[in-house]
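Okay, thanks for having me, everyone. I'll take a few minutes to walk you through a structure, so have a look at it first.

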Amino acid sequence: MAEHFPWLTAIIFLPLVASLAIPFLPDKDGKLVRWYALGVSIADLVLMCYAFWKHYDATSAKFQLAENYAWVPQLGLNWAVSVDGLSVPLVLLAGFVTTLAIFSAWQVDRRPRLFYALMLVLYSAQIGVFVAQDLLLFFIMWEVELVPVYLLVSIWGGQKRRYAATKFILYTAAASIFILVAVLGMGLYGGNLTFDIATLALKDYPIGLELVLYAGLLIAFGVKLAIFPLHTWLPDAHGEASAPVSMILAGVLLKMGGYGLIRVNMELLGNAHIYFAPVLAILGVINIIYGALNSLAQKNMKRRLAYSSVSHMGFVLLGIASFTDLGINGAMLQMVSHGLIAAVLFFLAGVTYDRTHTMTMEEMGGVGQVMPKVFALFTIGAMASLALPGMSGFASELAVFVGVTSSDIYSSTFCTVTVFLAAVGVILTPIYLLGLLKQVFYGNGAILKCEIGSTGLQTLESDDVVCFGTDCILPTKSVYRDASPREVFIAASFLVLIIGIGLYPKFAMQMYDVKTVAINTQIRENYTQIAQSNPSVYAQGFLTPKITEAETATVLGTLK
């Protein structure tokens, strides 16, 4: 019975169905609702961990735990869900981040029923995107995810929350049109109507159609991945969203774009990927440097972290464009790693805001004196983000760098320039992150509003008074309390995984290595065949296609 149990359907619908019961809970102050939502999210996380532990085989590149039920046969729409190496790590990431985001939203007292119901609906939609094997179902889940995010930002955000939420929905909804058109184009081509990913992978599209489909999907997924210049919604959304919502935005939703590029653009439109790969590499370098420079210029802590996410997503693009097993593995690891690192940094930024009631770093300074636990946790998270050896960020970025450097498809000049420019972004990362730590947790030279010897403080020893930002406070009377046990637990949960993956990257890579190798093998075979008929496959020959003798013999044998 366990083998035939609809595990994935249960994982998707558990939070959704549970959210429908929230209006009927006998709760006046919101305490029962938050425990209920946390219990549901933990139960779903445990369920997915059990299902994957017992029934997922990491040594197989095939779809597993497959469920297929006719939904709207007239439209060719089926409830088709399954997982493989691309899905499993991102499903686990979504479950882990969302569960801790719900736990971090402990102080929500404004419409708590609606808040936690939306968080659970968002939980279901995220899982649905990563496990959908039907592209039309994938599109529906993609759209369902937009609604709760819009409401969560527009109701529980900052002063400019409606502007940020509207900008988010306009960007993402407009991008969704490209997904719908591409999905319909792939499904209708060839006469047999189908949206099944495995079946679509067998279709042979004309190269012109593939290029158009790929370009449209690159725009759609590029908005979600925050590729320059489609990224401008992200800093506004992060700047106004509450900490739990920012955790999900950075930790999970950005990864949907990277997942879409690998799942659809690479796996289904492999021939077009050959032509677009250099474009992705160039966009990746632009993201890395542009995001880092903009992050350096920000005075708002969350906007600085938001532009940092833009920079780090550039490594995902580089890995996807590398044509190497290690590069694509690094792109996947970067998505998992950044999901954990960004989530903990935005959580700690929210913890700091709860105490200081400001996100402007110039108004802080010296906070580390009264919040040493927050300071320590934030420092560890920042070290992981700047790719300190021993942290997951180092392992993922190193894999991408080595993957691009060792690529035998691109010319040595292209590889050298790409890696050099990406390294510039890596150098800028410690500058803006360490600058953030200095401004927030150390003295920043701000002019104090009060004097140590002013009325009320003049009878006290100056050593007992702590000055930071523009205020003087007494540690014993301060509202700037240190992290609570709940907050330490949430941050530590992220940091343990970050350090664990950094010390032993195989812990994460073994879940998807077989699948990414299979995808890259197919891409390289496509490249070899195209290069045989079109040696100048890349415009103007600034990239030199290189085909090994073994690959040439294989292709010629196939052609014969």
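**Salt bridges and pockets**

Let's start inside one helix: Glu267 and Arg263 sit 4 residues apart in α10, so about one helical turn separates them. Their side chains meet in a salt bridge, with 3.0 Å from N to O. Before I go on, please keep in mind that this is a predicted model.

Now, Glu267 isn't alone here: salt bridges with shared partners join Asp84, Arg263, Glu267 and Lys515 into one network. Take Asp84, which also forms a salt bridge with Arg263, and there the closest N and O atoms are 2.6 Å apart. That pair links distant parts of the chain, 179 residues apart: Asp84 is in the loop between β2 and α3, while Arg263 is in helix α10, residues 243-268.

Are these two buried or exposed? Asp84 has 0% relative accessibility, so it counts as buried. Arg263 is buried too, since its relative accessible area is 2%.

How many salt bridges are there in the whole structure? A search finds 11. Another one of them pairs Arg303 with Asp236, the closest N and O atoms being 3.1 Å apart. This one also links distant parts of the chain, with Arg303 in helix α12 and Asp236 in helix α9, 67 residues apart. Arg303 counts as partly exposed because its relative accessibility is 24%, whereas Asp236, at 13%, counts as buried.

Okay, on to the pockets. The largest pocket holds about 1,000 Å³ of space. It's lined by 35 residues, and nearest its centre you'll find Gly157, Gly158, Ala241, Ser242 and Tyr353. Elements that give two or more residues to this lining include α9, α10 and α12, but the largest share, 5 residues, comes from α13. What is the lining of the largest pocket made of, by class? We get 14 nonpolar, 11 polar and 10 charged residues.

Then there's the second largest pocket, with about 600 Å³ of space. Of the 19 residues lining this second pocket, Cys49, Val88, Leu92, Phe507 and Met511 are the closest to its centre. Among the elements giving two or more residues here are α2, α17 and α18. Which element gives the most to this lining? That's α3, with 5 residues. By class, the second lining has 18 nonpolar residues, 1 polar and no charged ones.

That's my tour, so over to you for questions.

Note on methods. Residues are numbered from 1 along each chain as its sequence is written. This is a predicted model: local features need pLDDT of at least 70, side-chain atom pairs count only at pLDDT 80 or more; totals for chains, interfaces and linings use all residues. Side-chain values use heavy atoms; hydrogens and water are left out. A salt bridge is a side-chain nitrogen of Lys or Arg within 4 Å of a carboxyl oxygen of Asp or Glu. Buried means under 20% relative accessible area, exposed over 50%, partly exposed in between (1.4 Å probe, protein chains only). On a 1 Å grid over the protein atoms alone, a cavity is a set of points where a 1.4 Å probe fits but cannot get out, and a pocket is an open set with protein on both sides within 12 Å along at least five of seven lines; lining residues have an atom within 4 Å of a point. Grid points are joined across faces, edges and corners, and a volume is the space filled by probe spheres set on the points. Ala, Val, Leu, Ile, Met, Phe, Trp, Tyr, Cys and Pro count as nonpolar, Asp, Glu, Lys and Arg as charged, and the others, Gly among them, as polar.
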